[in-house]
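User: I'd like to learn how to read empty space and helix packing in a model. Could you walk me through it?

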Amino acid sequence: MMRTNTAGDAVVMAYAAGGGGGRGMNVSELQLIEVERLQIGMLVHLDLGWTEHPFPFNSFRIRSDEQIATIRSLGLARVRYCPQKSDPPVDPAIDPPAAPVAFEAPSGQDTGVESDQQRERRHARALLREQQASLDRCERQFSQASRGYRQSLQYVRAQPELARVEAEHVIDGMLAEITGEQDVAIRLLSEKAGEESSLHPLNCTVLSLLLAKACGIVDGLHEIGLGALLHDIGKIELPDRMRWRDQNFSSAERRLFQEHVGHGLALAERMGLSPSVREIIGQHHEYADGSGYPNALIGERIAQGSRIVALVNQYDNLCNPGKPAAALTPHDALAVMFARMRAQFDPATMAIFIRMMGVYPPGSAVQLTDGRYALSVAVNAARPLKPRVLVHDPAVAPEDALVIDLEQQGQPGVQRSLKPAQLPRAVFEYLSPRKRMCYFFERNRAGGDDMGQAA
């Protein structure tokens with residue numbers, strides 16, 4: 001349906017509907033202007049295929065500075081515009097336009113030959129679409145898993161066996177993402193993904209499954225995933241104020257909090273969970289040096305699945321504590337665990353976890369060797385030496401920024417990790433470091449050697 005807010009808009013829509021052939025617009029009215037001189041209100045035409053830009057039509061009236069920034073990001077030096085139908089009309093005395101030109105197809109379209117610039121733009125647009133589609137898919141799957149987890153909690157008291165079925169369905173969906181020969185990356189999601197109440201159990205499940213796989217476990221993945229998802233299920237029996245761990249607990253409050261492990265075991269038995277899953281729930285706070293609870297187990301007395309979930313649980317608690325102001329960056333969380341908590345965890349499992357997460361885990365703010373700032377958004381669990389990063393580029397709108405794979409030859413490396421507060425204000429607003437880390441699986445694109453691997 002044609003929108004006819006103004007006569008000028010009606011002309012633009014008719015022009016676009018005609019496939020850009022100039023119907024409804026006198027071609028002598030079209031002139032060229034440098035993209036640096038574009039203004040809100042100008043009626044412009046882009047000499048690009050519709051797949052090479054994000055706008056609904058090639059011809060449209062500029063309504064915002066964001067649209068101007070997007071046009072400038074397309075790599076065009078000049079665009080066509082109609083000064084007479086711009087709003088307000090461009091005053092030639094103040095802003096003299098370029099010389100009038102007849103409308104014609106851009107170079108290469110008539111001959112069927114695609115220029116290097118056109119090819120690069122088309123490739124960039126295709127990668128951007130693929131990148132956004134992959135992120136949307138990850139967030140959609142995370143939201144589905146979040147709903148399944150919350151549904152399981154709703155059933156656990158009145159229909160415990162149905163609660164088990166819902167939880168198993170969540171794990172089956174996750175395992176479908178990490179099985180097979182294709183590499184799987186750890187993907188940082190946006191803050192909108194899922195609900196806060198399910199972030200910790202899902203983060204622990206995602207990372208525990210990947211860590212178990214990296215440790216060479218094959219047959220026990222389902223049990224480890226289920227144990228990770230339900231490790232804190234006993235907290236539903238605690239008072240609301242006790243469900244988030246607080247370092248300022250009194251001795252009595254700490255003892256009450258620690259009872260969530262026993263509550264979890266009782267619920268797990270009612271749900272009909274297997275002994276190996278119940279073992280993980282009962283041991284997810286046991287540490288290798290005997291400092292854990294409830295049984296102060298040491299070393300090999302802690303099951304392998306429990307060692308994995310205990311380590312991941314500690315990492316996510318450092319990144320996503322009950323009080324957000326106390327949160328560590330993913331990079332700092334790994335450093336603290338290695339420097340101060342190493343004795344609490346199995347050395348082999350810790351080494352594999354650090355290698356899997358990379359030096360700059362997803363969510364880390366970094367500065368590259370060329371001086372630019374970036375946010376680590378994905379790490380390939382099988383090739384973790386360099387992350388995929390979203391780079392700050394003031395010439396490109398954040399929603400149009402391509403994720404760069406630092407493993408590519410010729411790309412810069414990471415110079416240092418930064419706390420979000422160390423970023424310049426404009427960079428902080430552009431990269432939007434997450435207040436809470438939220439992870440999911442992302443299958444790597446076949447080949448994986450192009451710019452901006454799907455993220």
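User: Let's start with enclosed space: how many cavities of 30 Å³ or more does a search of the whole structure find?

Analyst: Happy to help! The general idea is that rolling a probe the size of a water molecule over the atoms shows where empty space is left. This is a predicted model, and the search of the whole structure gives 3 cavities of 30 Å³ or more. The largest cavity has a volume of about 50 Å³.

User: What lines the largest cavity?

Analyst: Its lining has 10 residues, with Asn-380, Lys-386, Arg-388, Asp-405 and Glu-407 nearest the centre. Strands E7 (373-380) and E8 (383-391) are the elements that each give two or more residues, and E8 has the largest share, 4 residues. By class, the lining of this cavity divides into 5 charged, 3 nonpolar and 2 polar residues.

User: And which helix gives the most to the lining of the second largest pocket?

Analyst: That is helix H3 (residues 116-155), with 6 residues. The second largest pocket holds about 530 Å³ of space and is lined by 22 residues, among them Ser-73, Ala-124 and Asp-400. The classes here are 10 nonpolar, 8 charged and 4 polar.

User: Now helix packing: at roughly what angle do the axes of H6 and H9 cross?

Analyst: Two packed helices are described by the angle between their axes and the distance between the axes. For H6 (residues 221-229) and H9 (residues 275-283), the axes cross at roughly 40 degrees and come within 8 Å. The two helices are therefore oblique to each other, and their crossing is right-handed. Glu-223, Ile-224, Leu-226, Gly-227 and Ala-228 of H6 make the contact with Ser-276, Val-277, Ile-280 and Ile-281 of H9. That contact has 6 nonpolar, 2 polar and 1 charged residues.

Conventions. Residues are numbered from 1 along each chain as its sequence is written. This is a predicted model: local features need pLDDT of at least 70, side-chain atom pairs count only at pLDDT 80 or more; totals for chains, interfaces and linings use all residues. Side-chain values use heavy atoms; hydrogens and water are left out. On a 1 Å grid over the protein atoms alone, a cavity is a set of points where a 1.4 Å probe fits but cannot get out, and a pocket is an open set with protein on both sides within 12 Å along at least five of seven lines; lining residues have an atom within 4 Å of a point. Grid points are joined across faces, edges and corners, and a volume is the space filled by probe spheres set on the points. Ala, Val, Leu, Ile, Met, Phe, Trp, Tyr, Cys and Pro count as nonpolar, Asp, Glu, Lys and Arg as charged, and the others, Gly among them, as polar. Axes are lines fitted to C-alpha atoms, for helices over the stretch in contact, and angles run from 0 to 180 degrees between N-to-C directions. Angles under 35 degrees count as roughly parallel, over 145 as roughly antiparallel, 65 to 115 as roughly perpendicular and the rest as oblique. A crossing is left-handed if the near helix is turned anticlockwise from the far one by less than a right angle, and right-handed if clockwise. Contact means heavy atoms within 4.5 Å.
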